[in-house]
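Colleague: Before I take your labels on trust, I want the reasoning behind them. Can we go through them one by one?

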Amino acid sequence: MRVRALPRRPEVRLTELGFGAAQGGNLYRATTDEEFASAVDTAWEAGVRYYDTAPHYGLGLSERRLGAALRHRPRDEYVVSTKVGRLLVPSPQDAHLRDSDGFDVPASHRRVWDFSRDGVLRSIEASLDRTGLDRIDIVYLHDPDDHWKWVASEAVPALVELRDQGVVGAIGAGMNQSEMLARFVREADVDVMMCAGRYTLLEQGAADDLLPAAQSRGVGVVIAGVYNSGLLSRDRPPADAVYNYQQAPAELIERARRIATVCETYGVTLPQAALAFVRRHPAVVSTVVGVRNTAQAAEAVRRSKAVVAEELWDALAAAGLLATAH
């Protein structure tokens, strides 16, 4: 599988397909340890060497499972990213309840926003403990949408110091918007941004701010949410398709179906085209796809290998379904 180095940190090399481990934290429904470990095995055998997780995913369950699945692999052969900003604080009085944030796990901890220097250090230490790994390759600020001043004054300097000391390999932020990510690129000493859902075959808002800024400053971009939470994940979007974690509006479903029809005329599926499209931008270094089990891992790899004719993008642009083919 092809790899791309971060322009500012060439020692950090990401495979073009990344393994998203949120499902390993029981996102929406329970997943067994065995299912998740098999998914990692399948992805590894296919050449995937970039794995993304976070404390938020299943209150630490994703980090624990991912660390266990990777621990026996040669450490210099893969890249792991995790995130800071939400500390997990024990809440034993709620352990009999289920987590209310979308993960099917006991509510034995609560998430506390903390972008202070101490919070960053504590979060990374806890992630190292949960994963059992000797280092974290990439650390993202996780959803700092409402905390710019706090993050800029404390979290970013703390991460820069850790990176410059060699404790972590690269730093950045991960968000569901592109505007603030572009601000990080312009105003902070960062290496890589993770943009979820804002640069896809369906919408290209990040092409107006984040991507040109990243390209001009040598910052890599990892695209997550490439299927817009599900709308682009099937060959033909169903009437109950999800977009941005909610029921998709009828007009977006119709637009996605029209895109799918054009894709079919060029011999590819909608999900295959969705993956191929985002990789075309020179600032994009990897695309992370959420994986729960062996079947999903194999399907993600298969889709990523599809050969897509360049003429498809021109056809979509001509049909008014893509802002620009280039």
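Colleague: What makes α3 oblique to α4?

Modeller: Helix α3 (residues 117-131) and helix α4 (residues 148-164) pack at about 50 degrees, with axes 8 Å apart. Axes are lines fitted to C-alpha atoms, for helices over the stretch in contact, and angles run from 0 to 180 degrees between N-to-C directions. Under 35 degrees counts as roughly parallel, over 145 as roughly antiparallel, 65 to 115 as roughly perpendicular, and the rest as oblique. Therefore α3 is oblique to α4.

Colleague: Which residues of α3 and α4 make the contact?

Modeller: Arg117, Val120, Leu121 and Ile124 of α3 meet Glu154, Ala155, Ala158, Leu159, Glu161 and Leu162 of α4. Contact means heavy atoms within 4.5 Å. These residues divide into seven nonpolar, no polar and three charged. Here Ala, Val, Leu, Ile, Met, Phe, Trp, Tyr, Cys and Pro count as nonpolar; Asp, Glu, Lys and Arg as charged; the others, Gly among them, as polar.

Colleague: What sort of model is this?

Modeller: A predicted one: local features need pLDDT of at least 70, side-chain atom pairs count only at pLDDT 80 or more, and totals for chains, interfaces and linings use all residues. Numbering starts from 1 along each chain as its sequence is written, and side-chain values use heavy atoms, with hydrogens and water left out.

Colleague: Why are α2 and α3 called oblique to each other?

Modeller: The axes of α2 (residues 61-70) and α3 cross at roughly 50 degrees and come within 7 Å. That angle makes α2 and α3 oblique, therefore the label. Glu63, Arg64, Gly67 and Ala68 of α2 touch Ser127, Arg130 and Thr131 of α3. The split is one nonpolar, three polar and three charged.

Colleague: How do you know that β4 and β5 pair?

Modeller: Two strands pair if DSSP finds at least two bridges between them. β4 (residues 50-52) and β5 (residues 79-84) have three bridges, in the parallel sense. One partnership is tyrosine 50 with valine 79 in β5. Both strands belong to a closed barrel of eight, β3-β4-β5-β8-β9-β10-β11-β14, with parallel pairing. The twist averages 25 degrees from one strand to the next.

Colleague: How many helices and strands are there in the chain?

Modeller: There are 10 helices and 14 strands. Helices (H or I, at least four residues) and strands (E, at least two) are DSSP runs, numbered from the N terminus.

Colleague: How do you know that the chain agrees with a compact globule?

Modeller: The rule is 2.2 Å times the number of residues to the power 0.38, with the radius of gyration taken over C-alpha atoms. For 326 residues, a compact globule would come near 20 Å; the chain has 19 Å, so the value agrees.
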